[in-house]
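Reader: I have a structure open and some labels I do not understand. Could you show it and explain why those labels apply?

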There are 2 protein chains.
Amino acid sequence: MIGLNYLSPKKDKPFRFIALPFYLVGILSMLILSCNPEPANESLTGEHPCLILTANSVPELQNGISDFPLLSSSFNEIKTKADRSLNEEIIVPVPRDLGGGYTHEKHKENYLSMYNAGIIYQITGEEKYAGFVKAMLLEYSKLYPTLDIHPQAKDQAPGKLFWQGLNESVWLVYSIQAYDCIYNSLSKEEKDSIENNVFRPMVNFFTIYNKTTFDKIHNHATWATAGVGMTGIVLNDTTYVEMALYGSDKSGEGGFIKQIDDLFSPDGFYAEGPYYQRYAIMPFIVFAQVLENNWKDKIDIFEYKDGVLNKAVNTLVQLSNSNGRFFPMNDAIKDKDLQTAEMIFAADIVYYNTQNKELLSIAQNHDKVMISKEGLEVARAINAGLTEELVRKSVVIRDGKNGNLGGVAILRGDFDTNQLSLVLKANSQGMGHGHFDRLSISIFENGNEILQDYGSARFLNIEQKQGGRYLPENTSWAKQTVAHNTLVINQESNFNFNLKEASEKNPRIVYYDINSPELQVASFADSNCYEGSVLTRTVAMASIKNKAYILDIFKVDRELPATYDIPVYYLGQLISTSFNYNCNTSLLKPMGVKNGYQHLWNTAHSSEINGLSSVTWLNDYRFYTCSFLADENSEVFLTRIGANDPEFNLRNEPGILFRQNKASNYRFLSLYEAHGSSNSVLELVEGTKSSLKELSFLLKNDDVNIVRIVLKDGTIATLGFSVQNDENAEHQYNIEDETFKWTGNSFMAIVE
Amino acid sequence: MIGLNYLSPKKDKPFRFIALPFYLVGILSMLILSCNPEPANESLTGEHPCLILTANSVPELQNGISDFPLLSSSFNEIKTKADRSLNEEIIVPVPRDLGGGYTHEKHKENYLSMYNAGIIYQITGEEKYAGFVKAMLLEYSKLYPTLDIHPQAKDQAPGKLFWQGLNESVWLVYSIQAYDCIYNSLSKEEKDSIENNVFRPMVNFFTIYNKTTFDKIHNHATWATAGVGMTGIVLNDTTYVEMALYGSDKSGEGGFIKQIDDLFSPDGFYAEGPYYQRYAIMPFIVFAQVLENNWKDKIDIFEYKDGVLNKAVNTLVQLSNSNGRFFPMNDAIKDKDLQTAEMIFAADIVYYNTQNKELLSIAQNHDKVMISKEGLEVARAINAGLTEELVRKSVVIRDGKNGNLGGVAILRGDFDTNQLSLVLKANSQGMGHGHFDRLSISIFENGNEILQDYGSARFLNIEQKQGGRYLPENTSWAKQTVAHNTLVINQESNFNFNLKEASEKNPRIVYYDINSPELQVASFADSNCYEGSVLTRTVAMASIKNKAYILDIFKVDRELPATYDIPVYYLGQLISTSFNYNCNTSLLKPMGVKNGYQHLWNTAHSSEINGLSSVTWLNDYRFYTCSFLADENSEVFLTRIGANDPEFNLRNEPGILFRQNKASNYRFLSLYEAHGSSNSVLELVEGTKSSLKELSFLLKNDDVNIVRIVLKDGTIATLGFSVQNDENAEHQYNIEDETFKWTGNSFMAIVE
């Protein structure tokens, strides 16, 4: 139980400073002295506010608003919203609706209104803002005690105000900050009413009724622990803080610290993937900052686990593609990008902590900052012109609390003005929101999805789509292996779709070499997802005459013959195929009856392929070709998503499905190429066809794959890849009259 | 033959000035005096260049390049391109390929290179640019005489350099300008070689071999006549100019003047629709400017037909939606927008002619201007801050040379920050590129297509898609009535898809009233497209409590019972329906076998609808609902385009198909509403449901349709519409205990 070493509260530890710039040391020490001068109970509420916006930073913020445009506009935006709220009737409705419904959205609106008004009260000192928050909290103090479980609650962790407890936790994280802001304006009776009717019952609801969820190692629990912990700080209740940190029984088996231990890899990768990393980063970072402000004598939270919380934000930024959207792994909604509200907190606080100036470019795009000392610092830095361009680079990010559960490789290349990215996903299952997608790839160019990961089947907060819940097709389609750009054996999903098994067994990084822009390679393997099969996928981004080629070698070691399928979910319009096919023009049937195949229409089929074959499509005025080696046992299907979708919950997007029949030990070889452009405004079209002439294995054995790429202009590229990792291995092969010799895992030679 | 009045060359007319600003008078008179001092042959080539870039404007342009940033950057862009061309080998390949193929694209590149180099030669005087153009033209003078008809030619008007004569005409329009620019640098032998081997044979090819096309009243002929006429000006051959103006036999039955007469309505609408209007506007405007510069004593072309050429450009601008794309009527490619190269010429020249300052906003978006006195004037005006915002307004544009062949109504409303547009298309067939889409509608919001017109089935210049030709599905799908948002009777297309019949019979404007932003109405009718049937579609954009509602009353007068289908091609994700349906989850079949129905997959069906029914979808984070009245004879199908599409040439987009069985006289009533928003970055969703509670006819008879809209908040709107046009009619109706009284064609009363 490695985590336990970290778990014991640092009661015996003396007050200490971590390395910080001089002026921050001053601010922090003032802050700690004023808000938390001694590690004793009575100090916790010595000043209000003390959570994120702290009392001692208010004067500096007031000045900063006149000095720094970004702080000023951020303040004005919040003030405009607060003023609008003050002009409206306070409505605290009896909970009734699912996500997207009236009462759901109203309670969300309410916590944001209170949060905004609380901040504006602190900065302006105008009583009306405090009065608004007070009046609304007093309404909640009448309503909350009357509530039972939400009438639409259906899952294990219900809420009272909301159909799921998660939203209730978020309500608490915002509302406790509003309360903190107006605390000093309230009478004892008002405080008692609000605390005893809302905040304490809500904490009890989380830590007793929803105890199981509270103690989980999961993003829902992060929001809950953040809310409970922040409530403890404000209410001067160390028990709440300790439950938040160490679980409802304070054992350390649950709680915030254990979440940090188990959910983040040493590289700052969050087990559920970027979509949930983005969501969870807010309570992680915000609660950490609250601890930094109030609990630093007991835990130096931003130094904890080698500074993993700061790392997590920088890693998350790298998990976005060129248009700022997060790579849609697992249960992801694709719209989420660096502009989300969570990233404002994350970028501001982590800039404050680390002075990583690339984070300023994100803050600059947000065009708003937190109203706090962190936001002030960001606004000041941007004003001083310190912003640096965000550079997305090739990176391999290890997964697993100890970094040994596989990971994600992102190969990136800049060609002309285009950034091409290849993502190879071979990390741990990612719990309940994980997909059965071992060794799947996706490809992006300039932010466009070229080979897509479908993401989740869900319409966030849209009431008519089951209130925004995950839809049945999320399980029957989106999580299945065949919904991903990876191998499916015998038309069954990884681990027979068994979550428990999938969670226990992980892929592994074989090797990677991402340092040369000429040839970047990542090789990952999985020995568990299909019984008796070892899967090794080696992907490479090669620059040949300043053009990008993505090579994909998928090696399957397996004795028993089986059917191998590799789907390729391209996005765009099919332009041409190198082979003839039979199109199912007047009758469509699904590709199968289960494991996701029931959702794929079989739109065309070809068994006439043999040798080098290709499919070309058009996406956003750019051409893409997937070339692949076929033999007499190969078939190709063209597919479209959308069969067995009675409520039209799926996106009807196309795909190619390569099928290899009667295969045992086998290596798939494919090459992806972006080429040409179609400018229909200027009516100029060029490069509609692939530049590839020949693609072949020169050698494939237990040690090595040697691949030859011949372009139409005569250029010959030879690429070699180790099968196993050995950085120092010396390779030498004589093939016909050529000799190939290299040291290490990969090699490329180009003859023009 | 009204047109004939205009046709005779104004030989007897004295030199005259039209009203122009003082400084333009000066410039123009200089220009006419220098380039064309007397209306005699010898003057035509008195100066070179004399087409668009004129010799006398060169000094002023040279100065303007240092004074006006936009002129400067435009010059530099052309110079950069010209320099790039000069660094490359001159290749004039033997024609071989289809559109998109190498030789096709190379010949296009060549005319642009020559054109650019010619301009740069004039401005800089550097001989190398003239040398480049000369060398390339001399190559053409070797190649062209050896050529027969293009090997890939398949249609009636082939080219020699290109598979279709159209591209050859475009080649001539550009290349003759290049030749004009370098004319004075050439020896007599060089001129003879180029003229006798390229330009004259090409003119002969157009006017003799392709005579039928040359004399057509059609955009292909406009390019041809422009090219031939410009060649005549440069080569001092008035016969060429006269053939260009009055047809190959100079009778006036063909040629540029007849094209202006017949192709443009008095409102400046071009019969083929905006896509081809955009394409044709360039030769129209450019050749007109050439005539203005060289032939003004004979024709005052921009005053011709009440200034229709200038009007045509302003009308074309109004035929674009909020994102600048042209409404995709008939055979349209949807990407085309105000940024196309043609619009640079059109906006610059028409600004020069009319000083319409809204055109400057288009030029400003182009970020480039012509290198000519017109471009100079635009650059000067933009530099002086004269630009005015482009305002897209509601407009009814009449079609037909005399304005009596129906037309297009565009109702526009600005609601919050959204511009909603409804297009009702009821104009003439538009010749071979016309679609059988009488009375079809489309809806746009903020440039997004909400109800789409499919446009054409074609991939411009993409060689793999039949060289960019119109694909078979353009006929079998895109032109068919069922591919449009309009009525189909008995599953047959308008006029049984007979182009000749469709071209002879036209719809008509019944009435329109677009002056009140509260209620805008357009009513159009067609009595010919289905035998024995009179179709009247009345659409209204109503502002009810500052929200937009689009009402659609489709009245069919017909004695024989029939099946009425109205397809609705929404774009987006289906969110909900108010009715149950049977989804074809595991077997898809087409909706029919012909008339376009063979291309629609039947994805779901409902006969359970009766009374008020609705479908809601999501498009670009905004919700849209179509509500409609159904009865016991109503059915609804959900469809998807893409059946019987063996080469995957179609876009697989969704649709709704309303079917009314056993219908004779019948009125469809529908209401379209944009509502709410889904911001998945902020996770805020609101207004997912329609605000409509009730929709009904209070009265429908031969005189009037009175419709009642009741919103969920209790608001009651009553709208009345005449069936026939009578602006002065006094209407009074007592319905139950309410009295409705109004004068004119339409009426709305709102009770909150």
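**Two helices and two contacts**

Author: In this predicted model, α13(B) passes α15(B) in a left-handed crossing.

Reader: What makes that crossing left-handed?

Author: A crossing gets this name if the near helix is turned anticlockwise from the far one by less than a right angle. α13(B) and α15(B) meet that condition, so their crossing is left-handed.

Reader: Why is α13(B) called oblique to α15(B)?

Author: Helix α13 (residues 274–294) of chain B and helix α15 (residues 341–354) of chain B pack at an angle of about 45°, and their axes are 8 Å apart. Angles under 35 degrees count as roughly parallel, and 65 to 115 as roughly perpendicular. The value of about 45° falls in neither range, nor is it over 145, so α13(B) is oblique to α15(B).

Reader: Which residues of α13(B) and α15(B) make the contact?

Author: Among them are Ile281(B), Met282(B) and Ile285(B) of α13(B), and Phe345(B), Ala346(B) and Ile349(B) of α15(B). By class, this contact has 10 nonpolar, one polar and two charged residues.

Reader: How do you know that chain B touches chain A?

Author: Two residues are in contact if their C-beta atoms lie within 7 Å. By that cut-off, 42 residues of chain B are in contact with 42 residues of chain A. β12(B) gives the most to the chain B side, with three residues. That side has 17 nonpolar, 14 polar and 11 charged residues.

Key: Residues numbered from 1 in each chain as written. Chains lettered and ligands numbered in written order. Predicted model: local features only at pLDDT ≥ 70, side-chain atom pairs only at ≥ 80, totals over all residues. Helix = DSSP H or I, 4+ residues; strand = E, 2+ residues; numbered from the N terminus. Nonpolar A, V, L, I, M, F, W, Y, C, P; charged D, E, K, R; others polar. Axes fitted to C-alpha atoms, helices over the stretch in contact; angles between N-to-C directions.
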